[in-house]
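I have a fresh notebook page and a chain to walk through. My plan is to look up one thing at a time and jot down what I find.

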Amino acid sequence: MDLTTKIHLLSNVKCILDDIVKDDSDSDIQQIHKLVVNYIESKCIHNIVTDYIDITPDYGHNIRYCDICMKTFTD
Ligand SMILES: [Zn+2]
């Protein structure tokens with residue numbers, strides 16, 4: 001499995017873990033969450049894309065995010 005695929009899958013895992021650690025203090029899960037976050041942050045070679053998000057019908061703004069790890073970037 002290539003690194004990009006792995007990081008993409010792990011970003012889904014991170015999403016699930018984000019939900020769990022929000023209201024669960026299970027230290028094993030916290031540890032796994034931390035490992036996943038660290039892995040993604042240290043290995044992802046970000047591929048940043050720009051997307052336009054509609055907030056209301058007449059207002060929106062551009063966001064930049066990495067389409068591999070889904071991290072968002074602000075200017
Ligand atoms: Zn990334």
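**Entry 1: a pair across two strands.** I started with Tyr52, which stands opposite Asn62 in S2. A note to myself before going further: this is a predicted model.

**Entry 2: the first hairpin.** Next I followed the strands that hold this pair. S1 covers residues 48–56, and S2 covers residues 59–66. The two run antiparallel and are joined by eight bridges. I looked up further rungs of this ladder: Asp54 stands opposite Gly60 in S2, and Thr56 has Tyr59 as its bridge partner there. S1 and S2 form a hairpin, with two residues between them.

**Entry 3: the second hairpin.** From S2 I went on to S3, which covers residues 72–73. Two bridges join S2 to S3, and this pair is antiparallel. One of the rungs I checked has Arg64 with Phe73 in S3 as its bridge partner. Five residues lie between S2 and S3 in their hairpin. I made a note of Met70 in that turn, since its phi is positive, at about 70°.

**Entry 4: the sheet as a whole.** Putting the strands together, I get an open sheet of three strands in the order S1-S2-S3, with antiparallel pairing. Which strands stand at the edges? They are S1 and S3; each has a single partner strand, so one side of each is left without a neighbour in the sheet. I then asked how many buried residues S1 has among its nine. The count is zero, and S1 is hardly covered. S2 is hardly covered too, with a count of zero buried residues among its eight. A reminder for my own reading of the strands: in a regular strand the side chains alternate between the two faces of the sheet.

**Entry 5: the helix pair.** I moved back towards the N terminus, to H1 (residues 3–22) and H2 (residues 27–43). Their axes come within 9 Å and cross at roughly 145°. The crossing of H1 past H2 is left-handed. On the H1 side, the residues that meet H2 include Leu3, Ile7, Leu10, Val13, Leu17 and Val21. On the H2 side I listed, among them, Ile29, Ile32, Val36, Val37, Ile40 and Lys43. By type, the residues of this contact divide into 13 nonpolar, three polar and two charged.

**Entry 6: a closer look at Val36.** I picked Val36, found in helix H2, and asked what it touches. Leaving out residues up to four places away in sequence, Val36 touches Leu10, Val13, Lys14 and Leu17. Is Val36 buried or partly exposed? I counted 18 other C-beta atoms within 10 Å of Val36, and being buried takes 20 or more, so Val36 is partly exposed. I also checked Val36 against Asp54: the two are 18 residues apart in sequence, yet their C-alpha atoms are 31 Å apart in space.

**Entry 7: stepping back.** The chain has two helices and three strands, and from the N terminus on they run α-α-β-β-β. Along its principal axes the C-alpha trace spans about 45 × 30 × 20 Å. The radius of gyration is 15 Å, where a compact globule of 75 residues would have one near 11 Å. Buried residues make up 11% of the 75 residues. Lastly, I looked at contacts with a separation of 6 or more: residues 24 or more positions apart account for 32% of them.

Conventions:
Residues numbered from 1 in each chain as written. Predicted model: local features only at pLDDT ≥ 70, side-chain atom pairs only at ≥ 80, totals over all residues. Axes fitted to C-alpha atoms, helices over the stretch in contact; angles between N-to-C directions. Helix = DSSP H or I, 4+ residues; strand = E, 2+ residues; numbered from the N terminus. Left-handed = near helix turned anticlockwise from the far one by under 90°. Contact = placed C-beta atoms within 7 Å. Nonpolar A, V, L, I, M, F, W, Y, C, P; charged D, E, K, R; others polar. Rg over C-alpha atoms; globule rule 2.2 N^0.38 Å. Buried ≥ 20, exposed ≤ 12 C-beta atoms within 10 Å, placed from the backbone. Pairing = 2+ DSSP bridges.
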